[in-house]
Amino acid sequence: MKHVVKILTLLVAITALWFGLLQTSVIPRSHTWLLPIYFVVSLGCYGLLMVGIGLMYFPTCPQEALLLQQDIKEAKEYLERKGIDVSE
């Protein structure tokens, strides 16, 4: 719930800033109308960057891989004891 409130607060602040820029004419009006599009594109680029960095530094877990292989072996043995054929 806290995360949703933080996102909504940020969205309201950005919207207020955008309306303020529209009212004061600090930035030319033709550029001000494009700010939401720039924001969405920037947010998309940031998201892609974070996914790329996450994939680049994706941790390998050799210990977890061994545990998973052991679990698979135990499951196959259990199913074979129950009479279910699990051969590949």
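## Pockets and overall form of a four-helix model

Helices α1 (2-24) and α3 (35-56) each contribute at least two residues to the lining of the largest pocket. The model is predicted, and the protein has a mean pLDDT of 84, with 98% of its residues scoring at least 70.

**The largest pocket**

The volume of the largest pocket is about 200 Å³. Its lining consists of Leu11, Ile14, Thr15, Leu17, Trp18, Leu21, Leu35, Pro36, Phe39 and Val40. Of the elements involved, α1 gives the largest share of this lining, 6 residues. By residue class, the lining of the largest pocket has 9 nonpolar residues, 1 polar residue and no charged ones.

**The second largest pocket**

The second largest pocket holds about 150 Å³ of space. Around it are His3, Ile7, Leu10, Leu11, Ile14, Phe39 and Leu43. Here too, the elements that supply two or more lining residues are α1 and α3. The largest share of the lining of the second largest pocket, 5 residues, is from α1. This lining divides into 6 nonpolar residues, 1 polar residue and no charged residues.

The two pockets are set out below.

| Pocket | Volume | Share from α1 | Lining by class |
|---|---|---|---|
| Largest pocket | about 200 Å³ | 6 residues | 9 nonpolar, 1 polar, no charged |
| Second largest pocket | about 150 Å³ | 5 residues | 6 nonpolar, 1 polar, no charged |

Leu11, Ile14 and Phe39 are among the residues that line the largest pocket, and Leu11, Ile14 and Phe39 are also among those that line the second largest pocket.

**Two residues of helix α3**

Phe39 belongs to helix α3. Phe39 counts as partly exposed because its relative accessibility is 35%, a value between the limits of 20% for buried and 50% for exposed. From Phe39 to His3 the separation is 36 residues in sequence and 20 Å in space, C-alpha to C-alpha. His3 is one of the residues lining the second largest pocket, as is Phe39.

Gly54 is also found in helix α3. Its relative accessible area of 38% makes Gly54 partly exposed. Gly54 lies 35 residues from Phe19 in sequence, and their C-alpha atoms are 35 Å apart in space.

**Fold and dimensions**

The protein contains 4 helices and 0 strands. Along the sequence the pattern reads α-α-α-α. The C-alpha trace spans about 75 × 30 × 20 Å along its principal axes. The radius of gyration of the protein is 26 Å, whereas a compact globule of 88 residues would have one near 12 Å. Buried residues account for 5% of the 88 residues.

**Confidence and the geometry of helix α4**

Within the protein, confidence is highest in helix α4 (residues 62-81), at a mean of 90, and lowest in helix α2 (residues 29-32), at 72. The length of α4 can be checked against its residue count. At 1.5 Å a residue, its 20 residues should span 28 Å. The end C-alpha atoms of α4 are 29 Å apart, so the span in the model agrees with the expected one. After α4 comes Gly83, which has a positive phi, near 90 degrees.

Definitions and conventions. Residues are numbered from 1 along each chain as its sequence is written. This is a predicted model: local features need pLDDT of at least 70, side-chain atom pairs count only at pLDDT 80 or more; totals for chains, interfaces and linings use all residues. Side-chain values use heavy atoms; hydrogens and water are left out. pLDDT is the predictor's confidence in each residue, from 0 to 100. The expected span of a helix is 1.5 Å times one less than its number of residues. On a 1 Å grid over the protein atoms alone, a cavity is a set of points where a 1.4 Å probe fits but cannot get out, and a pocket is an open set with protein on both sides within 12 Å along at least five of seven lines; lining residues have an atom within 4 Å of a point. Grid points are joined across faces, edges and corners, and a volume is the space filled by probe spheres set on the points. Ala, Val, Leu, Ile, Met, Phe, Trp, Tyr, Cys and Pro count as nonpolar, Asp, Glu, Lys and Arg as charged, and the others, Gly among them, as polar. Buried means under 20% relative accessible area, exposed over 50%, partly exposed in between (1.4 Å probe, protein chains only). The radius of gyration is taken over C-alpha atoms; the globule rule is 2.2 Å times the number of residues to the power 0.38.
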